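Q: Take me through one part of this model at close range. Which strands pair there, what packs on them, and what lies around them?

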Amino acid sequence: MEVKFNVRRYDPESTDTVTHFQEYQMDMDASSTVLDGLIRIREEIDGTLSLRCSCRSAICGSCAVKVNGEAGLACNTKIVDSLSEDGNTITVEPAGNLPVIKDLVVDFQPFWEKIRAVEPWLQPEGEEPETEYLAPDEDMLHLAGVVSCILCGSCVSDCTVMEVDSNFLGPAALAKSYRFVGDPRDDSAQQRFKTLNESGGVWDCTRCMKCVEVCPKGVAPMDRIMALREQVMESGYTNTNGARHVHEFTNSVKHSGWLDEKKLVIKSFGIFNIKAMIGLIPLVIRSQRAGKVPPIFHKSIPGVENVRRIFEKVETKK
Amino acid sequence: MLDHDILIIGAGLAGMRAALSAKELGADVAVVSKVHPVRSHSSAAQGGINAALTDRGDDWRDHAYDTIKGSDFLGDQDAIALMCEEAGSEVIAMEHMGAIFNRDEEGRLGTRAFGGQREARTFFVADFTGQALLHVLYEQILKAGALVYEEWFVLSLIVRDGKCGGAVMMDIRSGKIEVVRAKAVILATGGLGRVFEPSTNAMICTGDGMSLGYRSGASLMDMEMVQYHPTTLKGSGVLISEAARGEGAYLLNSENDRFMLKYAPEFKELASRDVVSRCEQTEINEGRGLDGCVLLDLRHLGEKYISERLSQIRELAMDFANVDMVKEPVPIMPGMHYQMGGVKASVDGETSVPGLYAAGEVACVSVHGGNRLGANSLLDTLVFGRRSGVHAAEMVKSTQHLSVDDSAADDDKNNIHKLLANDKNESFGQIRLDMGTAMKEHFGVFRDENGMREGIEKIESVKKRAKDVYVADKGSTFNTNLLFTLELGFMLECAESIAVSAADRTESRGAHTRTDLPDRDDENWLKHILVSQNKDGGHELSYKDVVITDWEPVVRQY
């Protein structure tokens, strides 16, 4: 089938330093991959196209790019699944949230720095046993889903928080951290929770699900971040906006059956946090204009006792 | 000019293991890799790592014998014994560093069966053992604060009076060329799969280290021994782990016949890789294949078992062949997978060039001989990576730097300048494809005299054309076009050394199967073939007897 690749190019050495799209037309087998196409461009049409790729089987993590605006590995993205609605165009761009070096090659240094920041190595305490650490299979196997992260950067590329906040550790590093927190051999959880609880840590995720969607290995970073949040709070870190938010959210629904948004905001930030309260004023004004200000008196929904019963059930189960 | 005690080229399992052991001993170590460490090809190893643990009732001598038999008695028995004896502590060390490993009911490390072995002694992390171990070693590199030159490409080794004193390397990101002075250089660059087309190997497996060693005067050994893996996916040639058969998968031909029962009544699908690949190819050649393939049937294992232990290969088969192995058999074929040969090295990694070490797939110790057992390659990288690091760290304590300065880079700079100025119009992609196809055709599962002669001629003609490669990208930033052209030079040397070694071995042994000389000839060929470069730039063959200690060669049956 005829396929048109629309590839974003950038050459820092060119006088024209603005990125632009270049089109390549090729006859491709429908079962082939986006990477097959890029390699053919490079080998047969245009040797100047730069990209990283290596294993061609979704394990080395080199070839994360944006295909039609969404991150993924070029090597396991099929041509047939990537064609535009009008039939035959595939748009390929470098991964997002990282500076572009050339064409589809991005600078991974910021990515590795964040990985390093979570101290991604096993930190056991005490003497090493003579043989292996003993641990039930199920205690280790649940880690396999995170250990199988290939650090390709797809989640970071499409993370909506990293787009606006370069301080956020991001889905890949946080999932990596989870891998150690969840390891029965690691004894540094308390220290790890402290870092995770700080600004840039688990509370900065907005739960947009993008990382879960684009991850080519099913690591589900956001789920790991949510699991970390729970553990961070259980370990005693409850005095953060995030922890208070979770607490008040639960309280509100438990007591009235629905969310008291005014109270949620005030409780999360703290009423004496004058700076935050002032900062909210423009939001309140905008909400008012849009008719989205919650009612002054927050009333319970009819049948709220059923909601409470659900809570009781869940809480006793825990 | 940069300065280090030890420069390690390659950041896969062998390279990082070497770096850790050398750094522990206080040496100033730097690792250079053309890709980020976690992108290394060790990540693609799926099935596991072998070790005979005494507390499981296993014996390293049994592991050694299985390895020797697997090698078709070409492996050096002293080296094999050492590798197998050290295997257990190496696996435990990886567990202590953080590798998760699948466990047994008692919470100890669990095992699975693998080809050519009488015991289940393969330790594993689902079906991505290599990736799991690679990431653990990278974590340890971060913890140790070891210096890694990420995405630097080594152009040449520096040799003075027959000794190695460093390397010349290029920063891929900027094109900057630097001289690194080092008292020891450890090659840990992995294999050469891209010399063949197709191959299960990553695109970075271009034989760099073998060629760098060869150009510096080191000998290459057992180069004719090229492993074809029995189960690679139809079409793409993507690897389907031996773990599939280890967990109980069958091989079927077009008549729905479990043909391995006929060829290897005892080991069946789990005979050694050379044997299984040959049987598959025979079935295909005799008309009992399906479109150049046979079938790998896992359906009887059930969905739960497959998703727990073989989830990645299930995904691979779905992604790359559109087949769900839970529901249908997977079409597979033998595919080029591993180079048993490499830079001749001792059990401490020393090559024939003082100051130059080699470990992992780039090296030939020779622990794999004519055929490597599945799950012995990860073991090889760790044991000999560590030993090379230790030996080099001790050696540099009493060694001075050679007299090296920035002029050592002049030849490489001129060479690159010439390549970029070339106005001929050969393309590296076409040349690599022609080379790879010729290698597959003439040096694949079955070989014969005429075919190999023809193959050698083809390689020679391709080599001539390679002088006229046009490098379209003239820039210095991430110029992959230039890199591939340089890699092509490495690959062509590897191809030639495979071809001349294969043509020289007038018998069939291990992966080297000649239809015109189908028998093993122990009288004349219990020896390794060594290739080295002579003064005129041509090659020269020599021989070394196989080391036989406790195990006399016998007829190999599975």
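A: The answer starts with one sheet, moves to the domain around it, and then turns to a second set of strands and the core.

This is a predicted model: local features need pLDDT of at least 70, side-chain atom pairs count only at pLDDT 80 or more, and totals for chains, interfaces and linings use all residues. Residues are numbered from 1 along each chain as its sequence is written, while chains are lettered from A and ligands numbered from 1 in the order in which they are written.

The sheet is in chain B. Four strands make it up, in the order β11-β14-β13-β12 (chain B). It is open, and the pairing is antiparallel. Strands (E, at least two residues) and helices (H or I, at least four) are DSSP runs, numbered from the N terminus. Two strands pair if DSSP finds at least two bridges between them. The edges are β11 (226-233) and β12 (250-252) of chain B; each has a single partner strand, so one side of each is left without a neighbour in the sheet. On average, neighbouring strands are turned by 45° against each other, direction ignored.

Look at one edge. β12(B) is joined to β13 (residues 294-297) of chain B by three bridges, and the two run antiparallel. Within that pairing, B:L252 has B:L295 of β13(B) as its bridge partner. Helix α8 (residues 273-288) of chain B packs on the sheet and touches β11, β12, β13 and β14 (330-339) of chain B. Its direction makes about 60° with that of β11(B). Axes here are lines fitted to C-alpha atoms, for helices over the stretch in contact, and angles run from 0 to 180 degrees between N-to-C directions.

Now the domains. By an automatic or database domain assignment, chain B is divided into domain 1 (231-334) and domain 2 (408-525). Their centres, taken over C-alpha atoms, are separated by 30 Å. Each domain of chain B puts five residues into the contact between them. Contact means C-beta atoms, placed from the backbone, within 7 Å. On the domain 1 side, α8(B) gives the largest share, four residues. That side divides into one nonpolar, two polar and two charged residues. Ala, Val, Leu, Ile, Met, Phe, Trp, Tyr, Cys and Pro count as nonpolar, Asp, Glu, Lys and Arg as charged, and the others, Gly among them, as polar.

Elsewhere in chain B, β7 (residues 152-160) pairs with β8 in the antiparallel sense over eight bridges. B:S156 is bridged to B:V168 of β8(B). The two strands form a hairpin with two residues between them, and B:D161 in the turn has a positive phi of about 50°. β8(B) also pairs with β9 (residues 177-187) of chain B, antiparallel, over five bridges. This hairpin has five residues between its strands; B:G175 in the turn has a positive phi of about 85°. Seven of the nine residues of β8 (residues 163-171) of chain B are buried (20 or more other C-beta atoms within 10 Å of their own, C-beta atoms placed from the backbone), so the strand is largely enclosed by the rest of the structure.

Last, the core. The largest nonpolar core (buried Ala, Val, Leu, Ile, Met, Phe, Trp, Tyr and Cys residues joined through C-beta atoms within 7 Å) has 264 residues. B:I6, B:V185 and B:I186 have the most contacts inside it. Helix α15 (residues 480-504) of chain B supplies its largest share, 14 residues. Beyond neighbours within four places in sequence, B:I6 touches residues including B:A22, B:V29, B:A184, B:I186 and B:V396.

How values were computed: Contact = placed C-beta atoms within 7 Å. Buried ≥ 20, exposed ≤ 12 C-beta atoms within 10 Å, placed from the backbone.
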